[in-house]
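Welcome, and thanks for taking a look at this one. Please open the view below and keep it at hand while you read.

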Amino acid sequence: MTTVAVVDYGMGNLHSVAKALQKVQPGVEVIVSDRRQDILAAERVVFPGVGALRDCMNALAERGLEQTIIDVARDKPFLGICLGMQALLEFSEENGGTEGLGILPGRVLKFRDSLTDTSGALLKVPHMGWNQVRQSVPHAIWDGIPDQTRFYFVHSYYVMPAQRSVAIGETDYGGDFPAAIAKDNVVAVQFHPEKSQQFGLKLLENFLQWNV
Amino acid sequence: MALAKRIIPCLDVDKGRVVKGVRFVGIRDAGDPVEIARRYDEQGADELVFLDITASHEARETLLHVVKDVASQVFIPLTVGGGVRTLDDIRVLLSAGADKVAINTAAVARPEFVKEAAERFGSQCIVLAMDAKQVSGVGEPKRWEIFTHGGRKSTGLDAVEWARRMTAFGAGEILLTSMDRDGTRDGFDVDLTRAVSAAVSVPVIASGGVGSLDHLVDGVVKGRADAVLAASIFHFGDFTVAQAKARMRQAGIEVRL
C-alpha cells in the first residue's frame with residue numbers, strides 16, 4: 001500500500017489535504033504527522049501550509065523538521081502546496097525578510113499594491129479566488145487536466161525561482177507569476193488543489209501516481 | 001483571462017438545519033446542510049459560507065459536525081461564522097475543516113481580536129463580517145454605520161472607516177451585509193458595496209438583498225464586489241448557481257464555468 005505523509009507543523013488546514021488524498025485514492029495510507037520517522041518512512045510527502053513564512057520556519061525549527069524536509073525533497077515524490085511551496089525557496093520578502101529552506105534557488109516576492117488588470121482596475125491583494133493556470137511545461141501532474149483550468153488561490157506572495165525554467169504553470173495577476181514549479185522529484189503549486197474541486201482532486205491523484 | 005468573480009451560496013444554520021429568515025425574523029426551514037452543500041458544489045459554487053445563527057453551546061457541537069461532514073465531501077473553500085469570539089473558537093473551526101472564519105460582533109466588542117486572530121492564523125483565513133445600515137437622510141451624502149444583534153443595535157461606527165481599520169488589523173476579506181436589504185430581495189446596496197470596496201485593498205463579498213440574477217451582476221458591475229453572496233434564491237430553487245454564472249458571463253463578467 002502506498003503511504004503518503006502530510007507534514008503537520010501547525011500551519012493550516014491539513015485535514016482537507018488528507019481528506020482529499022483519501023478521496024482520490026481510497027487505498028492510500030495517509031499519515032498526518034510531525035514526526036521525522038513517519039515522514040522519512042513514507043513513500044510520498046505532501047508539504048502544505050498557510051499563513052506567514054516566518055511562523056512556518058519557526059514551527060519547522062521547533063519540531064526539528066527542517067533537515068527532514070530537505071532530505072525527503074531530495075529523493076521522494078514531494079508536493080509543496082501554497083506556503084509549502086514558498087518555503088522551498090531561499091528567501092522571502094515576508095515579515096521584513098525571512099530565510100526559507102533553500103531547496104530551490106530563488107526568492108518569494110510580494111504582489112505590488114498598485115497592480116492593475118488589463119482594463120486598468122486595481123487588483124486586490126491577497127490574490128483570492130479561482131484563476132487560470134497556463135500549463136507552460138508538460139508534467140505528469142497535469143494529466144487529464146485541461147490547459148487554463150481554474151484553481152483556487154489565496155496568497156499575497158509568489159515564488160520567483162532563479163531559473164524560470166522550473167516553472168511548469170503560469171498565472172496572470174497583473175503579470176505572469178509561477179503557479180506551479182517542478183524540479184526532479186519535487187513539484188509545488190501556489191494554489192490549493194484540495195480546495196479546487198474536481199481538477200484539484202485530479203492533480204492530487206496524478207501526484208499519487210507520479211513515477212519520478 | 002483574469003481572476004473569476006465568485007458566487008457564494010450562504011447557509012444559515014440553526015440547530016443543524018439550514019434556515020432562511022427575512023430580516024432575521026420569520027425563519028423558514030430550507031433543509032439538510034450537507035445535502036445542500038453538495039448540491040451547490042455540483043452546480044459550480046465557488047465557495048460556501050456557513051453562518052451559525054444559534055451559537056449556543058449545544059448548537060456549536062452540531063455546527064462542528066456539519067463542518068466536518070461538509071469538509072470531507074466538498075472540496076471548495078468553506079467559511080464559517082456566527083459566535084466566533086476567541087482564538088480557541090477559530091482553532092476549533094479550522095481544525096474541523098473550515099478554511100476561513102468570519103468574525104463580526106467580537107470585532108466590534110474588541111477590535112484587537114481581529115489583529116490577534118490574523119497574527120495567529122494568518123490574514124487569509126480571517127474574514128471580517130460587517131452588518132451595515134444607512135444612517136444618512138434623504139439629500140445628505142450617503143453614510144452607513146455598523147449594527148450588531150441582527151441589525152437591532154447601533155454601534156456608531158462608520159462602515160467605511162470600520163472596513164479600513166479592520167483590514168489594517170489584518171482581516172483578509174470583508175463580508176459586507178446591508179441590513180437594509182437583507183432578506184428583502186430588492187438587490188444589493190450597491191452604493192455601500194462600492195464605497196467599501198474602493199476603501200480597502202482586500203476582496204469584498206457583497207451580501208444582502210439578492211432576489212434576481214441581475215442583482216448578482218449589479219453587485220459586481222455597480223458595486224465592484226469581488227464576490228457575491230446569496231441564500232434564498234438558491235435554497236428555494238428559484239435559480240441554480242450554474243444559471244447565476246451563465247447570467248454573469250452574459251454580462252461580460254469573468255466566472256469559473
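## What covers helix 4 of chain A

Among the elements that cover the buried residues of helix 4 of chain A are strand 1 (3-7), helix 2 (36-41), strand 3, helix 3 (53-62), strand 4 and strand 13 of that chain. Helix 4 itself runs over residues 66-75, and its buried residues are Thr68(A), Ile69(A), Asp71(A), Val72(A) and Ala73(A). Please bear in mind that you are looking at a predicted model.

## Chain A as a whole

Stepping back, you can find 6 helices and 13 strands in chain A. The radius of gyration of chain A is 16 Å, close to the 17 Å that the globule rule gives for 212 residues, so chain A is as compact as a globular protein of that length. If you would like dimensions for a box, the C-alpha trace of chain A spans about 50 × 40 × 30 Å along its principal axes.

Of the 212 residues in chain A, 60% are buried. Among contacts in chain A with a separation of 6 or more, 69% are between residues 24 or more positions apart. The accessible surface of this chain is about 8000 Å², and carbon and sulfur atoms account for 46% of that area. As for charge, chain A carries 19 positive and 24 negative side chains, with the centres of the two sets 2 Å apart.

## Aromatic pairs

Over all chains, the count of aromatic pairs comes to 12. In one of them, the ring centres of Phe47(A) and Phe78(A) are 6.0 Å apart and the planes stand at 50 degrees; planes between 30 and 60 degrees apart count as tilted, so this pair is tilted. Phe47(A) sits in strand 3 (residues 44-47) and Phe78(A) in strand 4 (residues 78-81), so the pair links distant parts of chain A, 31 residues apart. Phe47(A) is buried at 0% relative accessibility, and Phe78(A) is buried with a relative accessible area of 0%.

How are the rings of Phe151(A) and Phe191(A) arranged: stacked or tilted? Their centres lie 4.2 Å apart and their planes are at 20 degrees, so the pair is stacked. Phe151(A) belongs to strand 9 (residues 150-155) of chain A, while Phe191(A) is in the loop between strand 13 (186-189) and helix 6 (197-209), so the pair ties together parts that are 40 residues apart in sequence. Phe151(A) and Phe191(A) are both buried. They also belong to one aromatic cluster, together with Phe111(A), Phe153(A), Tyr158(A), Tyr173(A) and Phe177(A).

## Two places in chain B

Now for a look at chain B. Asp12(B) is found in strand 1 (residues 6-14) of that chain. Is Asp12(B) buried or exposed? Its relative accessible area is 11%, and buried means under 20%, so Asp12(B) counts as buried. Apart from neighbours within four places in sequence, Asp12(B) has contacts with Arg17(B), Val18(B), Val19(B), Lys20(B), Leu51(B) and Ile53(B).

Ala109(B) is located in helix 4 (residues 105-109) of chain B. With 66% relative accessibility, Ala109(B) counts as exposed, whereas Asp12(B) is buried. From C-alpha to C-alpha, Ala109(B) and Ala168(B) are 17 Å apart in space, with their positions 59 residues apart in sequence.

Notes: Residues are numbered from 1 along each chain as its sequence is written. Chains are lettered from A and ligands numbered from 1 in the order in which they are written. This is a predicted model: local features need pLDDT of at least 70, side-chain atom pairs count only at pLDDT 80 or more; totals for chains, interfaces and linings use all residues. Side-chain values use heavy atoms; hydrogens and water are left out. Helices (H or I, at least four residues) and strands (E, at least two) are DSSP runs, numbered from the N terminus. The radius of gyration is taken over C-alpha atoms; the globule rule is 2.2 Å times the number of residues to the power 0.38. Buried means under 20% relative accessible area, exposed over 50%, partly exposed in between (1.4 Å probe, protein chains only). Contact means heavy atoms within 4.5 Å. Accessible areas come from the Shrake-Rupley method with a 1.4 Å probe; for residues, only the protein chains shown count as cover. Lys and Arg count as positive and Asp and Glu as negative; His and the chain ends are not counted. The place of a charge is taken as NZ of Lys, CZ of Arg, CG of Asp or CD of Glu. Rings of Phe, Tyr and Trp (its six-membered ring) pair if their centres lie within 6.5 Å; planes under 30 degrees apart count as stacked, over 60 as edge-to-face and the rest as tilted.
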